[in-house]
Amino acid sequence: MNTNFLFPAKFKTFGICLIAVPILVAVLLKLLNVDVTVDIKTLVKTLSQALICLGMFFMIYSKYKDDDEMLYMIRLQITVQSLFMAIIYLIISPLIDFFIFKDEINPQSAIKIIMFVLIFQNILFHYKRYQLKKELNEELH
Amino acid sequence: MKNYIKIERARHNLTQGDLAEKVGVSRQTINSIETKKYIPSAVLALKIAKIFNIPLNSLFELEEHD
């Protein structure tokens with residue numbers, strides 16, 4: 001019985017596309033020097049952040065060709081570690097803003113924290129996969 | 001947790017890849033179990049023991065710190 005839920009492998013490519021679209025839109029807007037209102041800018045920024053988050057979520061929680069219980073366990077460990085890192089980020093970030101940048105303390109937006117968690121998870125997950133492959137290659141040689 | 005997978009694999013003339021294919025996991029997982037970096041689930045441990053046709057406690061052994 002397999003109770004480990006993951007998205008199908010196709011979602012990984014879909015996730016990459018979801019990340020690429022807002023980046024392309026941002027580059028195009030910058031290159032074409034399109035003049036947009038503040039409301040449109042805020043809407044585009046919010047939508048872009050949401051799409052990037054969704055893309056990163058699909059990238060980490062979709063099936064890989066070498067997926068099995070160990071990789072699933074690694075995902076779970078990384079999820080716990082990233083939650084811990086998010087709490088540290090939540091505490092430290094306003095302090096850095098206040099003491100180093102002499103800025104006023106603002107409440108952290110949810111999307112910023114979720115993005116931080118997903119970036120951390122993606123980097124760590126791919127690094128661990130790379131490490132496993134490296135160890136296997138070293139074992140063979 | 002100590003395990004004798006490498007020894008049993010050699011006895012049965014199986015490569016890590018062969019064993020991985022038989023139990024439905026990646027070669028990295030078998031390698032990580034052999035090098036004690038990953039403790040398999042009960043289901044996977046039973047599958048491996050079944051391949052070698054030996055009881056589970058002959059394949060895995062608890063160590064002092066476990």
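**Figure 1. B:Asn13, an exposed loop residue of chain B**. In this predicted model, local features need pLDDT of at least 70 and side-chain atom pairs count only at pLDDT 80 or more, while totals for chains, interfaces and linings use all residues. Residues are numbered from 1 along each chain as its sequence is written, and chains are lettered from A and ligands numbered from 1 in the order in which they are written. B:Asn13 has 7 C-beta neighbours inside 10 Å, so it counts as exposed. (Exposed means 12 or fewer other C-beta atoms within 10 Å of a residue's own, buried means 20 or more, and partly exposed lies in between; C-beta atoms are placed from the backbone.) The loop between α1 and α2 of chain B holds B:Asn13. Helices (H or I, at least four residues) and strands (E, at least two) are DSSP runs, numbered from the N terminus. The phi of B:Asn13 is positive, near 55 degrees. Most residues other than glycine have a negative phi.

**Figure 2. B:Lys36, in the loop between α3 and α4 of chain B**. B:Lys36 comes just after α3(B). Its phi is near 65 degrees, a positive value in a residue other than glycine. B:Lys36 is exposed, because 11 other C-beta atoms lie within 10 Å.

**Figure 3. Helix α3(B), mostly covered**. Seven of the eight residues of α3(B) are buried. They are B:Arg27, B:Gln28, B:Thr29, B:Ile30, B:Asn31, B:Ser32 and B:Ile33. The cover includes α3 (69-99) and α4 of chain A. From chain B, it includes β1 (2-3), α1 (5-11) and α2.

**Figure 4. Where chain B touches chain A**. Ten residues of chain B are in contact with nine of chain A. (Contact means that C-beta atoms, placed from the backbone, lie within 7 Å.) Helix α3 (residues 27-34) of chain B gives the largest share of its side, five residues. By class, the side of chain B has three nonpolar, six polar and one charged residues. (Ala, Val, Leu, Ile, Met, Phe, Trp, Tyr, Cys and Pro count as nonpolar; Asp, Glu, Lys and Arg as charged; the others, Gly among them, as polar.)

**Figure 5. The largest nonpolar core**. Eight residues make it up: A:Leu18, A:Ile52, A:Met56, A:Phe58, A:Met59, A:Ile60, A:Ile78 and A:Phe125. (A nonpolar core is a set of buried Ala, Val, Leu, Ile, Met, Phe, Trp, Tyr and Cys residues joined through C-beta atoms within 7 Å.) Helix α2 (residues 38-60) of chain A supplies the largest share, five residues. Another core, of seven residues, lies apart from it, with B:Ile5, B:Val25, B:Ile33 and B:Ile48 among them.

**Figure 6. α2(A) packed on α4(A)**. The helices pack at an angle of about 30 degrees, with axes 10 Å apart. (Axes are lines fitted to C-alpha atoms, for helices over the stretch in contact; angles run from 0 to 180 degrees between N-to-C directions.) The two helices are therefore roughly parallel. (Roughly parallel means under 35 degrees, roughly antiparallel over 145, roughly perpendicular 65 to 115, and oblique the rest.) Residues of α2(A) in this contact include A:Gln49, A:Cys53 and A:Phe57. Those of α4(A) include A:Ile111, A:Leu118 and A:Asn122. The contact has 13 nonpolar, three polar and no charged residues.

**Figure 7. α2(B) packed on α4(B)**. Helices α2 (residues 16-23) and α4 (residues 42-52) of chain B pack at about 115 degrees, with their axes 10 Å apart. B:Leu19, B:Lys22 and B:Val23 meet B:Leu44, B:Lys47, B:Ile48 and B:Ile51. Five of the residues in this contact are nonpolar, none polar and two charged.

Conventions
Two residues are in contact if their C-beta atoms, placed from the backbone, lie within 7 Å.
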